[in-house]
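Subject: Structure handover

Hello,

Here is the structure I promised to pass on. Please open it beside this email and follow along.

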Amino acid sequence: MGPVTSTRAGRPRDERIDGAVREATVDLLNEVGYAGLTLEAVASRAGTSKPALRRRWRGRQHLVVDALVATVGAVPTPDTGCTRCDLIAGIRTLSEAFTTRIGRRVLPALVADLADDPELSAVFLRDYFHTRRASTAQALRRGIERGDLDPDLDLGLVLDMLASTTYYRVLFGHLPVTGNLAEQVVDVVLAGVVTPRWRGCGH
């Protein structure tokens, strides 16, 4: 997956450098947090130069968004033929990423920067938020087609409900993001939108 922002025309991209930069970014975020991250430190850790980073990413915040996409994934929800299983798998990618890689040290500060930077916000929404949301929306539509879910469900509301608990806990830290949170959230949400046919199958 390439960086989240377009670059100037010129030399071909080196995916090995891109991968090393993303890995260095995530490692440094875990070590020093969002506020302490610098392009100089990322370049040094990745074995490249700050000008090389500037050619690929417009700034530190764009680099963090790209690392977020690479870590959490932009298309998280599989198609296994099981609506509940697919939804749990998709939401679990959030829980795993925000508890083991990019978590509370990054997301609140990044969200604050999005509010003051419309261009960065547009990149975040396009390459991370909307792509993940579309992946989960497809899983819900497949569930409707299988007869598992109520065809009249409010798709936007259900999507918000599925993901919001993890984000809420990461942003405010009032409760932990546990290993079984994805399963708990999916089961609570499904209880309100599944069809009698799905209930009758003994799920």
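The UniProt record, an unreviewed entry, places a "DNA-binding region" at residues 38-57. Keep in mind that the model itself is predicted. In the model, residues 38-57 are 75% helix and 0% strand. The C-alpha atoms at the two ends of that stretch are 13 Å apart.

UniProt, again in an unreviewed entry, also gives "domain: HTH tetR-type" for residues 15-75. Here the chain is 82% helix and 0% strand. The end C-alpha atoms of residues 15-75 are 20 Å apart. Such annotations may be inferred rather than shown by experiment.

**Salt bridges**

Side chains of opposite charge can pair when their charged atoms come close. How many salt bridges does the model hold? The count comes to 13. Three of them are worth finding on your screen.

Start with aspartate 66 and arginine 22. Their side chains form a salt bridge, with 3.1 Å from N to O. Aspartate 66 sits in helix H4 (residues 60-72), and arginine 22 sits in helix H1 (residues 15-36). The two are 44 residues apart, so look for distant parts of the chain being linked. Are these two residues buried or exposed? Both aspartate 66 and arginine 22 are buried.Next, find aspartate 79 and arginine 146. This salt bridge has an N to O distance of 3.3 Å. It also links distant parts of the chain, 67 residues apart. Aspartate 79 is in the loop between H4 and H5. Arginine 146 is in helix H7 (residues 118-146). Arginine 146 counts as partly exposed because its relative accessibility is 24%, and buried means under 20%.

The third pair is arginine 84 with glutamate 183, at 2.9 Å from N to O. Arginine 84 lies in helix H5 and glutamate 183 in helix H9 (residues 181-190), so the bridge ties together parts that are 99 residues apart in sequence. Arginine 84 is partly exposed, at 22% relative accessible area. Glutamate 183 is partly exposed too, at 33%.

Which residues are joined into one network by salt bridges that share partners? They are Asp79, Asp86, Arg142 and Arg146.

**Alanine 89**

Now go to helix H5, which spans residues 83-100 and holds alanine 89. Alanine 89 has a relative accessible area of 26%, so this residue is partly exposed. What does alanine 89 contact, leaving aside its neighbours within four places in sequence? The contacts are Pro76 and Pro78. Valine 186 is 97 residues away from alanine 89 along the chain, yet their C-alpha atoms are separated by 9.9 Å.

**Helices H8 and H9**

Valine 186 turns up again in the contact between H8 and H9. Two packed helices are described by the angle between their axes and the distance between the axes. Helix H8 covers residues 155-172. H8 and H9 pack at an angle of about 150 degrees, and their axes are 10 Å apart. Their crossing is right-handed.

Which residues meet there? H8 brings Val158, Met161, Leu162, Thr165, Thr166 and Arg169. H9 brings Leu181, Val185, Val186 and Val189. Of the residues in this contact, seven are nonpolar, two are polar and one is charged.

That is the tour. Send me your questions once you have looked.

Best wishes

How values were computed
Residues numbered from 1 in each chain as written. Predicted model: local features only at pLDDT ≥ 70, side-chain atom pairs only at ≥ 80, totals over all residues. Heavy atoms only, no water. Helix = DSSP H or I, 4+ residues; strand = E, 2+ residues; numbered from the N terminus. Buried < 20%, exposed > 50% of the residue type's maximum accessible area, 1.4 Å probe, protein only. Contact = heavy atoms within 4.5 Å. Salt bridge = Lys/Arg side-chain N within 4 Å of Asp/Glu carboxyl O. Axes fitted to C-alpha atoms, helices over the stretch in contact; angles between N-to-C directions. Left-handed = near helix turned anticlockwise from the far one by under 90°. Nonpolar A, V, L, I, M, F, W, Y, C, P; charged D, E, K, R; others polar.
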